[in-house]
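These are my notebook entries on one structure. I looked up pockets, cavities, salt bridges, a sheet and some backbone angles.

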Amino acid sequence: MKALFFLRHYNDIDHITPVVHKWVERGHGCDLLLMGEAHFREDFRIVYLAGLDGVRVARIDEILSRRQFARLRLQKLLLDRNLRGALPAIASRMLDRVFDTEKRAKFWRKISRLILQRSFADHERGVVAFDWISSNSVFPIEFVQNVVATAKGMGLKAVSLPHGDSPHANHLVRVEELKLVPHTKFAAASMFDRIVVPNELCATRFRPFADGSSIAVLGSPRYCDEWLEKLNTLLPESPLEDEPDKLKVVLFLRKRVFSVFWDEVGRVIQLLAAFPDVQLIVKAHTRGGWKQPLSRNRALRKLENVRFVAAKVHSAHLLSWADVVIDIATSVAFEAVKLNKPVLAADYLHAGISTVGKHIPECVLHCRDDVYSRIENFLANGCDNFYVETHRQQFLAEIVDVPDPDVLPRYVDLLESQAAS
């Protein structure tokens, strides 16, 4: 059987690589089409997949002509809501006249056929997989809709795979969200034959817009036991040095669009830095980390025992290095729970309820006092026996290993059933 996987950014690669790995292990072939930055070709996961029998990896600019690629980039820019918001209204209207909906669609259909015919012979069965594309993504939803429509016209099936998880247990998590109604950004997923999610918490995003039978709850490919074991054999050498005489703490940041109280996050960093036996690493978000307010706080960067790292430092390396993880609602904390490392769910630093905090009450921080006392306790007594094990196991059962730890075979079973239908 044949599959074509579209990969846009770091999170896609991180969460879909386990599925591709298992697909190939079953003896199937696939093409990987990289739609994002050129440097993703050198990502260690992509290098691993490219070395497997039956896998072809290509960047989109290696398939399209120079003219086609330039047109793709132009249409992508024209549809970028951030760019359009910065343009005068008259300029937006002018561009819309030059590249109207029908002209854009004609081009999307043309390159869709080119891409799909490269991967699939006439009347060949197969499956096309994207990640959770949403209608407000900077990636053109028009392109995805045309690829999916063309694929279905060729007798292929289209599947949407997870590019992450739901680190929030509540719904109104972004700065602009003020109404407790289904978020229409997820409506676009209805174009797919199947929408795959790791848990029921994620499924609630799509249920208002999709037939319930099209949603498959299969567990987390990224944080399942099988992939974590394999990932350890693939990771390049860590750039981080062990510091056995320090309490090593990692804080993972969110994107600016989420309702994070950034001033208070900065104060927590200062609080942690006041402990001479603490070493703190702060990691920017993998997409748009430079836009976060903390990136402009030079005073924090001068703190002797605080280090800011960019997205190129892999989260798996940071989790291996850390003794403690501070969570402001990031799904990477799920891996720390899986590894039985303490997660401090700092829910008071954002306008939400973290998934970790809801399921594991002993993780929750309610105020600065809690941060201080927890760090004091770790320094005095170590980090063992942090969790109430029944809480941790319930979290894993409901969020990661759903309905059991044998996750990756379920993903391949679903792809096989789609490719064969």
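**Entry 1, a pocket.** I looked up the second largest pocket and found that helix 13 gives the largest share of its lining, four residues. The model is a predicted one, where local features need pLDDT of at least 70, side-chain atom pairs count only at pLDDT 80 or more, and totals for chains, interfaces and linings use all residues. Residues are numbered from 1 along each chain as its sequence is written, and side-chain values use heavy atoms, with hydrogens and water left out.

I noted the lining in full: Leu228, Leu231, Asn232, Leu235, Pro236, Ala316, His317, Leu319, Ser320, Glu335 and Leu339. Helix 10 (225–234) and helix 13 are the elements that give two or more residues to this lining. Helices (H or I, at least four residues) and strands (E, at least two) are DSSP runs, numbered from the N terminus. I recorded a volume of about 180 Å³ for the second largest pocket. On a 1 Å grid over the protein atoms alone, a pocket is an open set of points with protein on both sides within 12 Å along at least five of seven lines, whereas a cavity is a set of points where a 1.4 Å probe fits but cannot get out; lining residues have an atom within 4 Å of a point. Grid points are joined across faces, edges and corners, and a volume is the space filled by probe spheres set on the points.

By class, I entered seven nonpolar, three polar and one charged residue for the lining of the second largest pocket. Here Ala, Val, Leu, Ile, Met, Phe, Trp, Tyr, Cys and Pro count as nonpolar, Asp, Glu, Lys and Arg as charged, and the others, Gly among them, as polar.

**Entry 2, cavities.** I then turned to enclosed space and obtained a count of four cavities of 30 Å³ or more. The largest cavity has a volume of about 60 Å³. Its lining consists of Tyr10, Asp14, Phe44, Arg45, Arg222, Leu231, Leu235, His314, Ser315 and Ala316. Helix 1 (10–25), helix 2 (44–50) and helix 13 (315–321) are the elements that give two or more residues to that lining. I classed the lining residues of the largest cavity as five nonpolar, two polar and three charged.

**Entry 3, salt bridges.** How many salt bridges does the count give? I obtained 29, a salt bridge being a side-chain nitrogen of Lys or Arg within 4 Å of a carboxyl oxygen of Asp or Glu.

I examined the pair Arg8 and Asp12, whose closest N and O atoms are 3.7 Å apart. Both Arg8 and Asp12 are buried; buried means under 20% relative accessible area, exposed over 50%, and partly exposed in between (1.4 Å probe, protein chains only).

Lys22 and Glu25 form a salt bridge at 2.7 Å between the closest N and O atoms. The two lie in helix 1, three residues apart, about one turn of the helix. Lys22 counts as buried because its relative accessibility is 11%, whereas Glu25, at 52%, is exposed.

Lys248 meets Asp242 in a salt bridge of 3.3 Å, N to O. Lys248 is buried at 5% relative accessibility, and Asp242 is exposed at 55%. I also noted one network, in which salt bridges that share partners join Asp14, Asp43, Arg45, Arg222 and Glu335.

**Entry 4, a sheet.** I traced an open sheet of five strands in the order 10-9-8-11-12, with parallel pairing; two strands pair if DSSP finds at least two bridges between them. Strand 10 (306–309) and strand 12 (343–345) each have a single partner strand, so one side of each is left without a neighbour in the sheet. Strand 8 (residues 247–252) and strand 11 (residues 324–327) pair over four bridges in the parallel sense. Phe252 stands opposite Asp327 in strand 11.

**Entry 5, backbone angles.** Most residues other than glycine have a negative phi, and most peptide bonds are trans. I therefore entered the exceptions below.

- A cis peptide bond, with omega about 0 degrees, joins Val402 and Pro403. Pro403 is in the loop between helix 17 (389–400) and helix 18 (407–420).
- His123 has a positive phi of about 65 degrees. I located His123 in the loop between helix 7 (101–119) and strand 4 (126–130); at 79% relative accessible area, His123 is exposed.
- Asn340 has a positive phi near 65 degrees. Its place is the loop between helix 14 (333–338) and strand 12, and a relative accessible area of 42% makes Asn340 partly exposed.
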